[in-house]
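Student: I would like to take a close look at a single part of this model, namely the place where two domains of one chain meet. Could you walk me through that part slowly, and then through what surrounds it?

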Amino acid sequence: MLITCPYCGPRDVIEFTYQGDGNRERPDPASQNFEAWNAYVYDRLNPAGDHNEIWQHSGGCRAHLKVVRNTLTHEISSVAFVRGDHGRGDHGSAARRKAEDKA
Amino acid sequence: MVERQSPLEPEFHVGSHGNFEHGVEIILTETRPGSIVQLAAWPGEEKKLIAAIRAVTGLALPDGAGGGLSDGVKSVFGFAPGKFTVADEAEGLATAFAKVVTPAIGTITDLSHGRTTIRIAGPKAEWVLAKFFAIDFALPAFPVGAGRSTTHHDIFAQVQRTGADQFDIYVFRSFARSFWKALCHASEEVGYEVQ
Ligand SMILES: [Zn+2]
């Protein structure tokens, strides 16, 4: 599997570390909304198809990346910096909203 | 001034080795730069850091990821977004950068004693390096001056191309002797000379 890092170009998957599901939305650290924390820790969309993921190019530029990987084919349809605009990444929220709208 | 010792020394054997009956196709050396620093810009401060690199080294970084250049004495290349490695034959690079890279622009990490720089040159340099690193070493994909962050056997390394068939490899000092031995073994089949 090759992941095309936006800085380094196409690299073998051995250079990357999986950082988890990219659909999670972390509640505010001060939040006492236990349902939100429970959802953050345990709820997963688990799609058979495109999946938002966070990967780190740990054996390269060390940037954190938002990756869309197809869980059936391993095809990677998009890779971008989590902090491409030097702001907060919005990787999870849009996909989760879309999934919630469908439900 | 205290003389710096090379971590390669017990395994550094000057001369020709391996299958060199038909000539050596690899030259291995340790470049021993006096200073190696890594510079990192805060988000949005990259242009100021690039200007500081030019002010200190006289080297104008080309645009683009992994871009770099070397004048044979000083070298610079990008290794991550907003981050650069700079090396100089002379000591004192970190002190020089501390005067121009203010805390508002970014950070300076002095790695002069933390990295060992090994130079591999010759017509089979790409061939030998391809045994270690899963990256494209062809000249169009990896132009002269450019740098790459990558790994060999899960150990991090930085590679700068300093000639059409010459590469400088920055490895952790504590892993340098191990890497050197592996590099010598990998060069045996084509014949190599340690200088
Ligand atoms: Zn990268």
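Tutor: Between domain 1 of chain B and domain 2 of chain B there are six residue pairs in polar contact, both residues of each pair being at pLDDT 80 or more, a threshold that is applied because this is a predicted model. Salt bridges between domain 1 of chain B and domain 2 of chain B, by contrast, number zero. On the side of domain 1 of chain B that touches domain 2 of chain B, the elements giving two or more residues are the strands β8 (115-121), β9 (147-152) and β10 (155-163) of chain B. Sorted by class, that side of domain 1 of chain B holds three nonpolar, seven polar and two charged residues.

As for where the two parts lie in the sequence, domain 1 of chain B is made of two stretches, 18-32 and 114-194, while domain 2 of chain B covers 35-110. Their C-alpha centres are 23 Å apart, and the contact draws 12 residues from domain 1 of chain B and 14 residues from domain 2 of chain B. The size of an interface is often given as the accessible area lost when the parts come together. Between domain 1 of chain B and domain 2 of chain B the buried area is about 930 Å², with carbon and sulfur atoms giving 51% of it. Within domain 1 of chain B, the residues that lose the most area to domain 2 of chain B are B:Q158, B:Q160 and B:Y170, which together account for 44% of what that side buries.

Strand β10 of chain B deserves a further look, and B:T162 is one of the residues placed in it. The side chain of B:T162 makes a polar contact with the side chain of B:D168 at 3.3 Å. When neighbours within four places in sequence are left aside, B:T162 is in contact with B:S70, B:R119, B:V144, B:F167 and B:D168. Strand β10 of chain B also holds B:R161, and the partner of B:R161, B:E126, lies in helix α3 (residues 125-129) of chain B, so the pair ties together parts that are 35 residues apart in sequence. The link between B:E126 and B:R161 is a salt bridge whose closest N and O atoms are 2.7 Å apart. B:R161 is buried, with a relative accessible area of 0%, whereas B:E126 counts as partly exposed at 31%.

Another salt bridge joins B:K181 and B:E11, with the closest N and O atoms 4.0 Å apart. Because B:K181 lies in helix α4 (residues 173-187) of chain B and B:E11 in the segment before β1 (15-17) of chain B, this pair ties together parts that are 170 residues apart in sequence. Here B:K181 is partly exposed, with a relative accessible area of 38%, and B:E11 counts as partly exposed at 28%.

Finally, consider B:R32, which is found in the loop between β2 (26-30) and β3 (35-41) of chain B. B:R32 is partly exposed, with a relative accessible area of 42%, and the side chain of B:R32 reaches the backbone oxygen of B:R4 at 2.8 Å. Not counting residues up to four places away in sequence, B:R32 touches B:R4, B:Q5, B:S6 and B:T117.

Note on methods:
Residues numbered from 1 in each chain as written. Chains lettered and ligands numbered in written order. Predicted model: local features only at pLDDT ≥ 70, side-chain atom pairs only at ≥ 80, totals over all residues. Heavy atoms only, no water. Domains from an automatic or database assignment. Contact = heavy atoms within 4.5 Å. Buried area = accessible area lost by both parts, 1.4 Å probe. Salt bridge = Lys/Arg side-chain N within 4 Å of Asp/Glu carboxyl O. Polar contact = N/O pair within 3.5 Å; in protein donor to acceptor, adjacent residues only side chain to side chain. Helix = DSSP H or I, 4+ residues; strand = E, 2+ residues; numbered from the N terminus. Nonpolar A, V, L, I, M, F, W, Y, C, P; charged D, E, K, R; others polar. Buried < 20%, exposed > 50% of the residue type's maximum accessible area, 1.4 Å probe, protein only.
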